[in-house]
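Reader: I'm new to reading protein structures. Could we look at one together and talk through it?

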Amino acid sequence: MTSFSSPAPVTEDVLALHRSLLTLDSHIDIPWPDRDDAFLDTSDRFVDFPKMKRGHLSAGCFVAYIPQGKVDAQGHAAAQEQTLAMLEAINRMQGTRNGITARVCPTVDEIEAACRDGALAVVPGVENGYGMGDDIGMLARFRALGARYVTLTHNGHNALADSGQPSRVLGDPEARHGGLSALGREAIAEMNRLGLLVDVSHTARATMLQAVEVSSVPVVATHACVRALCDHPRNLDDVQLDALKASGGLIQITAIGGFLRPRSELQGRRATVADYMDHLDYVVKRLGPEYVGISSDFDGGGQLDGWANAAESPALTAELMRRGYDRSEIAAFWGGNFRRLLRKGEEATKKGL
């Protein structure tokens, strides 16, 4: 891996380029229960709107994250209720307060219009298909609340698919479905119909590879890293990366230290922006610059030395410039590739795929 002794300096040239971009972070958690503090400069949120403004982060995918519970009627009912409540809370993260304007943007055109108007773009998502339980009809409710993707699993198998990290607490076997269940295949078809991207972060290898084959729209890993550089079950191996490219999909590198470097190497320190960019570099070299992008998983475990919160986002642009990427490539990493995939989902809906 590349090793730099010091962070890339955030110069005026870096800031000028960074501020000229539409920058999008494809995975941010929200506090729960909701505190109605997105417009405040908080001490404990890594992403709030003042920090986004300071870091010129134009847009963020804010997710309704549901931890895995029991796969039964009671567990499903509770997960469905909480997912809808969280999406409703994300929908309240808009308007003008404290001199900042934010909009919920369910389409790429709306994201781009918000950026042109100087407003922050809030893009809802759902993390963990457990939130729909075993009711396909919930997906239309998610989309009606602006959601643009659903992460099929989290840590633990659900009714849709096998997770890359079975839950020992819930008594999970190594695999429950052998990848996708029949319900999971139906859910992917419905997500394609609705314009919800299929997110394969957290899924088992078999689940991910089957999702690539089943989905009529390219899939995305909204927050994942490269297994060749860090052997963790949450990361994608070369076969998975190649399958993503073949299908036109996308991996968004995430800022969780244990997915970037083995914990034995980190020895208690935080991973760095350079560690992060080693993973992005790997994908570019293997697949090309069209197949990779940026996510943080801020407020869900993500944090780097040098990118501790949204206000420090120019540090990533500085490191990309130091590594020789040009403006078009940096724009693609900072959301251009992700917006292209969102558009593919929108186009499939119009065609009735």
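Author: Gladly! Keep in mind that this is a predicted model. A good place to begin is the pairing of β2 with strand β5 (residues 120-127), which runs in the parallel sense.

Reader: How many bridges join β2 and β5, then?

Author: Let's follow the two strands side by side. One facing pair is Val 63 and Gly 125, the latter in β5. Counted along the parallel pairing, the bridges between β2 and β5 come to seven.

Reader: Is strand β2 largely enclosed or not, and how many of its residues are buried?

Author: Buried here means under 20% relative accessible area. Strand β2 covers residues 59-65 and is largely enclosed by the rest of the structure, because the buried ones among its seven residues number six.

Reader: And which residue in β2 is the bridge partner of Leu 24?

Author: Strand β1 (residues 24-29) also pairs with β2 in the parallel sense, over four bridges. Between β1 and β2 the chain passes through helix α2 (residues 49-54), in a right-handed β-α-β crossover. Within β2, the partner of Leu 24 is Ala 59.

Reader: Why is the sulfur of Cys 230 not in a bond with that of Cys 225?

Author: A disulfide needs two cysteine sulfur atoms within 2.5 Å. Cys 225 holds the cysteine sulfur closest to that of Cys 230, yet it is too far for a bond, at 7.5 Å.

Reader: Is Cys 230 buried or exposed?

Author: The cut-off for buried is under 20% relative accessible area. Cys 230 has 3% relative accessibility, so Cys 230 counts as buried.

Key:
Residues numbered from 1 in each chain as written. Predicted model: local features only at pLDDT ≥ 70, side-chain atom pairs only at ≥ 80, totals over all residues. Heavy atoms only, no water. Buried < 20%, exposed > 50% of the residue type's maximum accessible area, 1.4 Å probe, protein only. Pairing = 2+ DSSP bridges. Right-handed = clockwise from strand over helix to strand, strands pointing away.
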